[in-house]
Amino acid sequence: MQVFRLGRRLYDLALGLVPFLRDPLTFRMVALETTTECTRNCPYCPPHSSMRIPRLRMAPELYRRVLDSLAAHGYTEKIFFNIYGEPLTDERLEEWLGLARARLPGAKLIVFTNGDLLTVKRFLSLKKAGMDVLSISQHSATLPAPTAAALRALERDYPKLADFWVVNYYRQYNVWWENVGLLNNKGGLADVNRVPYLHCCDVESAAVDCLGNVLLCNNDCTSSYVFGNVGEKDLYEIWNAPAFLAARRKIMGGKWIFEICRRCMARSGATVAVPPGKAARLPRAFHDMRRVLDAMKRGRTEKDRR
């Protein structure tokens with residue numbers, strides 16, 4: 001993990017020297033929120049710790065539409081099967097991994113889990129279905145005994161299949177010298193103090209919530225910045241739309257055009273009040289998307305006239 005954080009810092013610095021490394025037209029990862037259900041309520045996850053997100057699942061037709069779009073474009077990068085949920089609560093996961101593997105043989109399928117529901121049998125089932133790697137998020141001082149026992153058994157009995165890694169979020173959240181930027185304050189909704197990166201890399205990934213909304217990034221836990229819905233338009237059509245493309249270019253250039261960006265890239269922790277009320281997923285915490293995009297559009301129009 002120390003090597004990973006050092007690598008991320010070096011990459012962050014390199015982006016300032018060679019900004020052409022970034023391509024706003026391409027996404028290298030896509031996160032699909034198959035379910036919002038989770039077994040935990042970690043303090044750095046506002047949907048579960050302070051907002052009580054409803055239990056929702058992505059509709060199969062939305063999932064298939066995403067796969068159709070990715071397959072049509074020969075997608076070979078990473079696919080994650082969560083944003084703010086625990087994918088092992090979803091009994092459809094094996095079936096959906098199999099669909100993704102059949103349609104996207106070159107993609108890397110990564111399942112993130114807190115490990116609460118992990119067993120040797122479930123791991124082997126996920127691998128058989130097409131999973132490449134299991135990423136276990138550690139949210140307590142030590143891994144729960146059943147989780148640790150399952151991982152030891154996998155390494156002992158199935159060494160050639162034991163493709164997993166453990167990310168110690170507990171240490172990063174609770175030990176000050178570990179908290180160097182990997183954690184995110186979710187646009188100011190989570191009380192996480194850190195040393196943020198100089199450049200935002202989250203807009204390089206596509207994020208589709210359980211309702212099919214394509215978000216600005218996976219840190220928009222309240223789906224406040226929605227650029228389209230995969231139930232209505234093709235994923236790539238949404239990704240390449242002029243407004244979304246222009247927004248990503250601005251952010252990649254270091255311009256924090258939205259409130260969520262300015263909060264996200266700050267050192268302070270929770271700076272946004274939890275929004276009241278109920279919504280299909282969660283009530284919006286930010287409301288400046290349309291105003292910012294309209295201003296950008298007016299600016300381009302005025303420039304063209306000149």
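Trainee: Where does V192 lie?

Mentor: V192 sits in the loop between α7 (169-174) and β6. Keep in mind that this is a predicted model.

Trainee: Is V192 buried or exposed?

Mentor: Buried means under 20% relative accessible area. V192 has 1% relative accessibility, so V192 counts as buried. Now take its distance to N168. V192 and N168 are 24 residues apart in sequence, and their C-alpha atoms are 15 Å apart in space.

Trainee: Which residues does E204 touch, leaving out those up to four places away in sequence?

Mentor: Place E204 before listing them. E204 is also in the loop between α7 and β6. Its relative accessible area is 8%, so E204 is buried. Its contacts are Y11, R22, T26, F27, R28, M29, W239 and M252.

Trainee: Next, the sheet. What is the order of its strands?

Mentor: Start with the general idea. Strands of a sheet pair through backbone hydrogen bonds, either parallel or antiparallel. Here, 8 strands form an open sheet with mixed pairing. The order is β5-β4-β3-β2-β1-β6-β7-β8. β5 and β8 (226-229) are the edge strands, each pairing on one side only. From one strand to the next, the twist averages 25 degrees.

Trainee: How many bridges join β1 to β2, and how many join β1 to β6?

Mentor: Strand β1 (residues 29-32) runs parallel to β2 (residues 78-80), with 3 bridges between them. Within that pairing, V30 has I79 of β2 as its bridge partner. On to β6 (residues 205-208): 4 bridges join this strand to β1, and the two run parallel. There, A31 is partnered by A207.

Trainee: And how do β4 and β5 run, parallel or antiparallel?

Mentor: They run parallel, joined by 5 bridges. I136 stands opposite V166 in β5.

Trainee: Let me turn to a helix. How many residues has α6, and what is its reach?

Mentor: Compare the end-to-end reach with the expected span. α6 covers residues 145-157, 13 residues in total. From first C-alpha to last, the helix reaches 18 Å, close to the 18 Å expected at 1.5 Å a residue.

Trainee: Which residues of α6 are buried, and what covers them?

Mentor: T147, A148, A150, L151, A153 and L154 are buried. Their cover includes α5 (120-129), β4 (133-138) and β5 (164-168).

Trainee: How should I read the nonpolar core? Which members touch the most others?

Mentor: In soluble globular proteins, nonpolar side chains tend to be buried together. In this model, the largest nonpolar core has 81 residues. L70, I79, L216, F227 and F258 touch the most other members. I79 is also the β2 partner of V30.

Trainee: What is F227 in contact with, beyond its neighbours within four places in sequence?

Mentor: F227 contacts V214, L215, L216, I238, A243, F244, A247, F258, M289 and L293. L216 and F258 were named with F227 among the residues touching the most other core members.

Trainee: Last topic: cysteines. How many disulfides does the structure hold?

Mentor: A disulfide is a covalent bond between the sulfur atoms of two cysteines. The structure holds 0 disulfides.

Trainee: Why is C210 not bonded to C221?

Mentor: The cut-off is a sulfur pair within 2.5 Å. The closest cysteine sulfur to that of C210 is in C221, 13 Å away, which is too far for a bond. C210 is buried, at 2% relative accessibility.

Trainee: What about C217: how far away is the nearest cysteine sulfur?

Mentor: That sulfur belongs to C200 and is 6.0 Å away; C217 is in no disulfide. C217 has 8% relative accessibility, so C217 counts as buried.

Note on methods:
Residues numbered from 1 in each chain as written. Predicted model: local features only at pLDDT ≥ 70, side-chain atom pairs only at ≥ 80, totals over all residues. Heavy atoms only, no water. Buried < 20%, exposed > 50% of the residue type's maximum accessible area, 1.4 Å probe, protein only. Core = buried A, V, L, I, M, F, W, Y, C linked by side-chain atoms within 4.5 Å. Contact = heavy atoms within 4.5 Å. Expected span 1.5 Å × (residues − 1). Pairing = 2+ DSSP bridges. Axes fitted to C-alpha atoms, helices over the stretch in contact; angles between N-to-C directions.
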